[in-house]
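Biologist: I should like a close look at the sheet of this model and at what surrounds it. Please take the strands, then the helices, and then the pockets and local details.

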Amino acid sequence: MPLLLLDLDNTLLDRAGAFRGWAEDFVAAVGAPASDVEWILDVDADGLTDRWDVAEALRDRYLLRISIIDLVGSLRDGVLRNTRLDPLVACALRIAGDAGWVPVVVSNGATLHQEAKIRHTGLDRYLADWVISEEAGVSKPNPRIFGIAADRARMRLGGAWMVGDSPEADIGGASAVGLPSVWLHRGRQWSDPRYAPTHTVDGPIAALAAVLGH
């Protein structure tokens, strides 16, 4: 039974779509023009900007009286409400499990928030376990987090595959521990000469199909 290591945001779950949905609701609520959604997406930088910095930028731009901590909570709750598990992804995970693969999520981020997405969407029903960087004390691409994932599943890391959308965290991390990988390109071109994914695909269904093909 080989181990299937899976990124969470913008791999199994459409974090970009969920954040856009929240941003559209937010600008409507504060009476801002719809075009401001693109500004908010730029500030967010596809999730790379710290939530507190995003909240501070929003409060400054729209002269909001809400506290930063409450705005961060509202942002996280709003993104969570907009997060959905694609039924086709769920089906593909079930097929992978039936084929003998053991799916384990390996995600960077805050434990409470990432686990809330896993449970809220019902993704937990299709996973053997998950490892979140905050509670693990180490983040991708550090090889230790992949070893922790294997320990959680009580499996060997050898023979595992990694699937994710981040060139450095997912593909670089897989390369560091000698694992084959599948990269979800999301319209981007591969540009890192240090390593490369085993396969490049356009979405999670194709990614899981590539793994199952081996």
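Modeller: The account below begins with the sheet and then moves outward. The model is a predicted one, and the values given here are computed from it.

The sheet is open and consists of six strands, arranged in the order β3-β2-β1-β4-β5-β6 with parallel pairing. In general, strands of a sheet pair through backbone hydrogen bonds, in either a parallel or an antiparallel manner. The edge positions are held by β3 (129-132) and β6 (199-201); each has a single partner strand, so one side of each is left without a neighbour in the sheet. From one strand to the next, the twist averages 20°.

At the β6 edge, the partner is β5, residues 181-184, and three bridges join these two parallel strands. Within this pairing, Val182 stands opposite His199 of β6.

Two helices may be described relative to β5. Helix α9 lies across β4 (161-164) and β5, and runs at about 165° to β5. Helix α10, residues 204-212, packs on the sheet and touches β1 (3-6), β4, β5 and β6. The direction of α10 likewise makes about 165° with that of β5.

Helix α9 also leads to the pockets. The largest pocket has a volume of about 820 Å³. Its lining comprises 30 residues, and those nearest the centre are Asp9, Asp46, Gly47, Leu48 and Asn108. Two or more lining residues are contributed by each of α4 (68-81), α6 (111-120) and α9 (167-176). The largest share, four residues, comes from α9, the helix that lies across β4 and β5. Sorted by class, this lining contains 15 charged, nine polar and six nonpolar residues.

The second largest pocket has a volume of about 210 Å³. It is lined by 16 residues, of which Thr11, Leu12, Leu13, Asp14 and Pro204 are the closest to its centre. Pro204 falls within the residue range of α10, the helix that packs on the sheet. The lining of the second largest pocket divides into six nonpolar, five polar and five charged residues.

Several local details complete the picture. The model contains six aromatic pairs. One of them is formed by Trp22 and Phe26, whose ring centres are 5.2 Å apart and whose planes meet at 25°; the pair counts as stacked because its planes are under 30 degrees apart. Both residues belong to helix α1 (residues 15-30), where they are four residues apart, about one turn of the helix.

Two points of backbone geometry lie in loops. Lys140 and Pro141 are joined by a cis peptide bond, with omega of about 10°. Pro141 is placed in the loop between α7 (133-136) and α8 (143-152). Ala45 has phi near 55°, a positive value in a residue other than glycine. The loop that holds Ala45 connects α2 (36-44) and α3 (51-62).

Key
Residues numbered from 1 in each chain as written. Predicted model: local features only at pLDDT ≥ 70, side-chain atom pairs only at ≥ 80, totals over all residues. Heavy atoms only, no water. 1 Å grid on protein atoms, 1.4 Å probe; cavity = no way out; pocket = protein on both sides within 12 Å on 5 of 7 lines; lining within 4 Å. Points joined across faces, edges and corners; volume = space filled by probe spheres on them. Nonpolar A, V, L, I, M, F, W, Y, C, P; charged D, E, K, R; others polar. Pairing = 2+ DSSP bridges. Axes fitted to C-alpha atoms, helices over the stretch in contact; angles between N-to-C directions. Contact = heavy atoms within 4.5 Å. Phe/Tyr/Trp six-rings, centres within 6.5 Å; stacked < 30°, edge-to-face > 60°.
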